[in-house]
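Hi everyone, and thanks for making time for this. I'd like to walk you through one structure today, so let me put it on the screen.

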Amino acid sequence: MTHSSRISSKLLPFTGAASVTSVALLLASVATPALAQSSVTLYGLIESAVVSQNHASPTGGRIYSVNQAGEGFLSASRFGLQGIEDLGGGMKARFVLENGFNSQAGTFDQQGQLFGRQAFVALQGGWGELAFGRQYTGAVVAISMVDPIFIGAPPTNSWLVFLTGQRYNNALTWTKKFGPFGVNLQYAFGGVAGQGSARSSASGGVSWDQNGNVFTGQLQQTHDSQSRTAKTWSLGGKVSYGQWKFHADYLQSQRDPGFDVTNGGVDYASITNMSTAATPTTVAAIGSVFSAARRDQFFTLGATYLLSPSWQFIAAYMYNNTTAVNFSGKRQTLYGVVDYFLSKRTDVYFATAYERVDGGWGGLFGTTTTNWTGGNGVKLNGFDNQMSYYIGLRHRF
């Protein structure tokens, strides 16, 4: 899987880059008049976990690995550059270039793109912020704000991104804060000559964030290359009470028959992780392209308990019901995490997850079926449940 937690962690300065920054600022001062202050920050996160997972093949084999599909349990590894310049008069310019990589092999994530996580430039003022480039979808941002682990990283705990999409290319996003109240509008251009709606997307939502309590609502519509649509709406909340945080979100997704943002397996980059291409070599998954109209109803319930500044406990339950013509299937995940912070930047954790599928999704785990599109084809030949264990280490810089 190519995503992740997918929302950026807190940006922390890279203390080893002082000399590089000094040289960059010196060159900038020679090349341009000293009219504004600017800075560039290198930041990142590396996470790796030893994973044990049963039912990894149709014969029931267990697999041991470092990371699952290139990801730890809590976060996806990344490094990035963020720059900001004060233009005066209350205006600022900023940019973000963020790369995702697989720590167990040192390879690029996000379809092998150099800055596949984020790549945008933005202008800020009293009217809000306007950002241009590759950005997170409005739906995934809204849910991540209230999710117990910001949507996690591996297939075990982040399969919901097949319903929302994770990132859009060619996106234009406006955000504005009015105290604790926030609004956002997003439009991603399709870029298909002569077809204004093909591969385009639109999203809008509101949020409330105050004293550790967060509430979100979001609407989103995405078109594939044939202008077929996927419509989603979501509501979510996070409530803080002492050392506890309680999390809940609900998402409903409706797709036209044949909706496929991968263009038949050719393009995974314009709208990531919203469907699994129907090709002769692509194994069936919850994001598989359906030949009939499809509706998904998804929710998460979770809680976080901070025992002390060093110990954190997380538990959550995820549920999705998929319905289509002659199809009805459920997928559920129950997971728990014990997280110990060695410092503000480094933590170690133990996580376990139990997953179960029913109905039309039966046999999803360890399946090798490829000619299956929403129940039309060979029955899935895997298992109905899977157990995963993680021991992980995460470091932010």
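I'll go through the core, then some strand pairing, then the charged residues, and finish with a few backbone details. Please keep in mind that this is a predicted model.

Let's start inside. Which residues of the largest nonpolar core touch the most other members? They are F73, F298, Y335, V337, Y349, W361 and Y390, out of 37 residues in that core. The elements contributing two or more residues to it are β1 (38-53), α2 (138-144), α4 (161-164), β15 (311-324), β16 (327-341) and β17 (346-359). There is also another core, lying apart from this one, with 8 residues, including A171, A230, F259 and M274. As general background, nonpolar side chains in soluble globular proteins tend to be buried together.

If you'd like one residue to click on, try Y335. Setting aside neighbours within four places in sequence, Y335 contacts F73, D147, P148, I149, N157, I314, A315, A316, M318, T352 and A353. One of those partners, F73, is itself on the list of residues touching the most other core members.

Now the strands. β12 (residues 229-241) and β13 (residues 244-255) pair antiparallel, over 12 bridges. You can find the register from A230, which stands opposite R255 in β13. The hairpin these two make has 2 residues between the strands, and G242 there takes a positive phi near 60°. On to β13 and β14 (residues 294-306): they run antiparallel as well, joined by 12 bridges. Here H247 has G302 in β14 as its bridge partner.

While we're at this hairpin, have a look at Y241, which lies in β12. Is Y241 buried or exposed? Its relative accessibility is 63%, so Y241 counts as exposed. The C-alpha atoms of Y241 and N213 are separated by 9.1 Å, and those residues are 28 apart along the chain.

Next, charges, which I suspect this group will enjoy. The count of salt bridges comes to 10, and I'll show you three of them.

One is between R94 and E129, whose side chains meet at 2.6 Å, N to O. R94 sits in strand β4 (residues 91-102) and E129 in strand β7 (residues 128-136), so this pair links distant parts of the chain, 35 residues apart. Both R94 and E129 are buried.

Another pairs D224 with R228, at 2.7 Å from N to O. The two ends differ in how they are classed: D224 has 1% relative accessibility and therefore counts as buried, while R228 has 26% and therefore counts as partly exposed.

The third is R396 with D347, where the closest N and O atoms are 4.0 Å apart. R396 lies in strand β20 (residues 385-396) and D347 in β17, so the pair ties together parts that are 49 residues apart in sequence. R396 and D347 are both buried. These two also belong to a network in which salt bridges with shared partners join D339, D347, R394 and R396.

Then there is a charged residue without a partner of this kind: K176, in strand β8 (residues 167-178). K176 is buried but has no salt bridge. How far away is the nearest side chain of opposite charge? That is E129, at 12 Å, and E129 is the residue we just saw bridging to R94. What K176 does have is a polar atom of its side chain 2.4 Å from the backbone oxygen of G126. Leaving out residues up to four places away in sequence, K176 touches G126, W127, G128, F181, G182 and V183.

Last topic: backbone angles. Most residues other than glycine have a negative phi, so here are two for you to inspect. S227 is not a glycine, yet has a positive phi of about 65°. S227 lies in the loop between β11 (213-223) and β12, and with 27% relative accessibility it counts as partly exposed. N326, also not a glycine, has a positive phi of about 60°. N326 is found in the loop between β15 and β16, and N326 is exposed, with a relative accessible area of 80%.

That's my tour, and I'm happy to rotate the view to any of these spots.

Technical notes: Residues are numbered from 1 along each chain as its sequence is written. This is a predicted model: local features need pLDDT of at least 70, side-chain atom pairs count only at pLDDT 80 or more; totals for chains, interfaces and linings use all residues. Side-chain values use heavy atoms; hydrogens and water are left out. A nonpolar core is a set of buried Ala, Val, Leu, Ile, Met, Phe, Trp, Tyr and Cys residues joined through side-chain atoms within 4.5 Å. Buried means under 20% relative accessible area, exposed over 50%, partly exposed in between (1.4 Å probe, protein chains only). Helices (H or I, at least four residues) and strands (E, at least two) are DSSP runs, numbered from the N terminus. Contact means heavy atoms within 4.5 Å. Two strands pair if DSSP finds at least two bridges between them. Lys and Arg count as positive and Asp and Glu as negative; His and the chain ends are not counted. A polar contact is a pair of N or O atoms within 3.5 Å; within protein, one must be able to donate a hydrogen and the other to accept it, and residues adjacent in sequence count only if both atoms are side-chain atoms.
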